[in-house]
Amino acid sequence: MQTPPTLQAIRYQRGSLLILDQLKLPDETVYISIHTADDAWKAIHTMTIRGAPAIAVCGVLSVAVELHNSRSKFDSISSVIQFITHQLNYLVTARPTAVNMTDAAKTIIDYLIPLNNKQQNLTLYIDELLDFMEQFLQRDLIDNRLIGQYGAETMCQYISNKKKLNILTHCNTGSLATVGFGTALGIIRQLAANNVLQLAYFTETRPYNQGSRLTAYELVHDRIPHTMICDSMAGLLMRTQPIHAVIVGADRVTANGDTANKIGTYQLAILAKHHDIPFYIAAPTTSIDLSKKSGDEIIIEQRPSSEMTTVKGINLAPEGVQVWNPAFDVTPASLITGIITEHGVFKPDELKEKLLNLQRSLISPL
């Protein structure tokens with residue numbers, strides 16, 4: 001069974017970048033133009049676009065668009081290097097918990113000088129740099145497909161007596177959070193394509209409702225069997241219904257396997273542990289930050305109180321109420337069964353060693 005075409009959070013061609021305005025979903029499907037890195041910063045910060053992989057690709061391509069459309073203003077390669085470095089470092093500040101933008105910025109900045117050593121013609125330098133930046137788009141889609149394949153293969157170990165799987169997920173980790181297909185939701189898509197998915201359960205994901213607004217939108221669009229629950233229903237669901245696994249995404253994974261993800265993930269991991277349900281993280285290796293030893297070192301983004309106290313401008317709480325609104329929480333590695341990446345599935349305690357070995361093999365000569 002072939003997977004159907006998925007929704008696109010990002011539409012790009014050289015010199016033009018459109019992003020799906022996720023603040024208007026599910027009521028309206030509207031694409032907005034991103035002309036500059038400043039446009040992208042605002043879109044990322046306001047969560048017009050969200051999801052760690054999509055944030056990174058949007059950020060990178062915004063700089064590519066700005067570079068292409070204003071290339072006449074650059075008089076030297078050094079001026080291009082200065083511009084790219086400044087814009088990428090600025091974009092990292094939009095949502096600091098998600099590591100993918102930081103990883104993408106570092107990758108491109110590290111490429112600038114070697115490219116200069118290779119190519120000293122300004123026009124050709126810009127063209128080659130644009131080619132390099134545009135690769136992030138296709139690479140994310142390839143990584144997501146591989147995560148879906150590895151994840152689906154892993155989930156099949158929980159099928160018994162020819163029964164299909166019930167999977168619980170959280171937040172939105174699909175094509176709206178990535179270039180396409182998705183991470184955790186990509187695995188669910190692949191299970192549905194393989195005809196082994198019974199039901200995809202998903203939380204509404206308060207306070208910003210990425211589940212009820214976005215995941216629901218994708219599952220309805222793709223006609224995948226599903227059931228939405230309130231965040232507070234997860235414990236009862238696990239106790240009364242056959243849930244074969246919980247699969248969620250990640251905005252950052254540290255060297256010891258701790259994981260930062262959308263607020264509410266930690267409590268799902270605790271509930272899964274109590275009910276003896278496997279708990280998996282699905283994330284590309286660009287979400288893995290080996291510079292952080294544990295989740296204690298992750299900066300947790302604090303969001304505006306209005307996200308909790310209002311919905312579409314309608315007050316849910318009395319004016320003046322005091323609010324604590326962290327966007328993410330950290331799930332300890334001890335609660336995680338496995339981390340599903342584009343290179344396979346790793347146990348948290350083996351993640352660092354195997355990832356370093358993988359990186360060495362990719363740069364070592366044959």
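This report walks through the empty spaces and the nonpolar cores of the structure above. What you are looking at is a predicted model, and every value here is computed from it.

**An overview of the spaces**

| Space | Volume | Lining residues nearest the centre |
|---|---|---|
| Largest cavity | about 200 Å³ | Arg-50, Gly-51, Ala-52, Asn-172 and Asp-251 |
| Second largest cavity | about 70 Å³ | Pro-207, Tyr-208, Lys-262, Glu-307 and Ala-327 |
| Largest pocket | about 880 Å³ | Asp-103, Thr-107, Thr-285, Thr-286 and Gln-359 |
| Second largest pocket | about 370 Å³ | Tyr-208, Arg-213, Thr-310, Val-311 and Lys-312 |

**The cavities**

Let's start with the closed spaces. Searching the whole structure turns up 2 cavities of 30 Å³ or more. The largest cavity has 23 residues around it, and Arg-50, Gly-51 and Asn-172 are among those closest to its centre. Which element gives the most to this lining? That's α2, with 3 residues. Both α2 (52–69) and β9 (259–262) put in at least two residues each. The lining also draws on two domains, with at least three residues from each of domain 1 (10–139) and domain 2 (159–363). Sort these lining residues by class and you get 11 nonpolar, 8 polar and 4 charged.

As for the second largest cavity, there is about 70 Å³ of space inside. Its lining is made of 13 residues, with Lys-262 and Glu-307 among the closest to the centre. The classes here come out as 6 nonpolar, 2 polar and 5 charged.

**The pockets**

Now for the open spaces. The largest pocket, at about 880 Å³, is lined by 31 residues. Where does the largest share of that lining come from? Look at α4, which supplies 8 residues. At least two residues each come from α2, α4 (99–118), α5 (122–155), β11 (288–289) and α11 (351–363). Here too, domain 1 (10–139) and domain 2 (159–363) each hand over at least three residues. The lining has 14 nonpolar, 8 polar and 9 charged residues.

The second largest pocket holds about 370 Å³ of space, and 18 residues line it. Two elements, α10 (306–309) and β12 (310–311), give two or more residues to this lining. Its classes are 7 nonpolar, 6 polar and 5 charged. Once again at least three residues come from each of domain 1 (10–139) and domain 2 (159–363). If Tyr-208 rings a bell, that's fair: Tyr-208 lies among the residues nearest the centre of this pocket and is also one of those closest to the centre of the second largest cavity.

**The nonpolar cores**

Finally, the filled parts. In soluble globular proteins, nonpolar side chains tend to be buried together. In this model, the largest nonpolar core has 49 residues, and those with the most contacts inside it are Ile-10, Leu-67, Ile-84, Ile-108 and Leu-129. Several elements give two or more residues to this core: β1 (10–13), β2 (16–20), α1 (37–45), α2, α3 (77–92), α4 and α5. The top contributor is α2, with 12 residues.

What does Leu-129 touch, once neighbours within four places in sequence are left aside? Its contacts are Leu-67, Val-80, Ile-84, Ile-108, Tyr-111, Leu-112 and Leu-115.

There is also a second, separate core of 27 residues, including Val-253, Ala-283, Ile-288 and Ile-339.

Terms used: Residues numbered from 1 in each chain as written. Predicted model: local features only at pLDDT ≥ 70, side-chain atom pairs only at ≥ 80, totals over all residues. Heavy atoms only, no water. 1 Å grid on protein atoms, 1.4 Å probe; cavity = no way out; pocket = protein on both sides within 12 Å on 5 of 7 lines; lining within 4 Å. Points joined across faces, edges and corners; volume = space filled by probe spheres on them. Helix = DSSP H or I, 4+ residues; strand = E, 2+ residues; numbered from the N terminus. Nonpolar A, V, L, I, M, F, W, Y, C, P; charged D, E, K, R; others polar. Domains from an automatic or database assignment. Core = buried A, V, L, I, M, F, W, Y, C linked by side-chain atoms within 4.5 Å. Buried < 20%, exposed > 50% of the residue type's maximum accessible area, 1.4 Å probe, protein only. Contact = heavy atoms within 4.5 Å.
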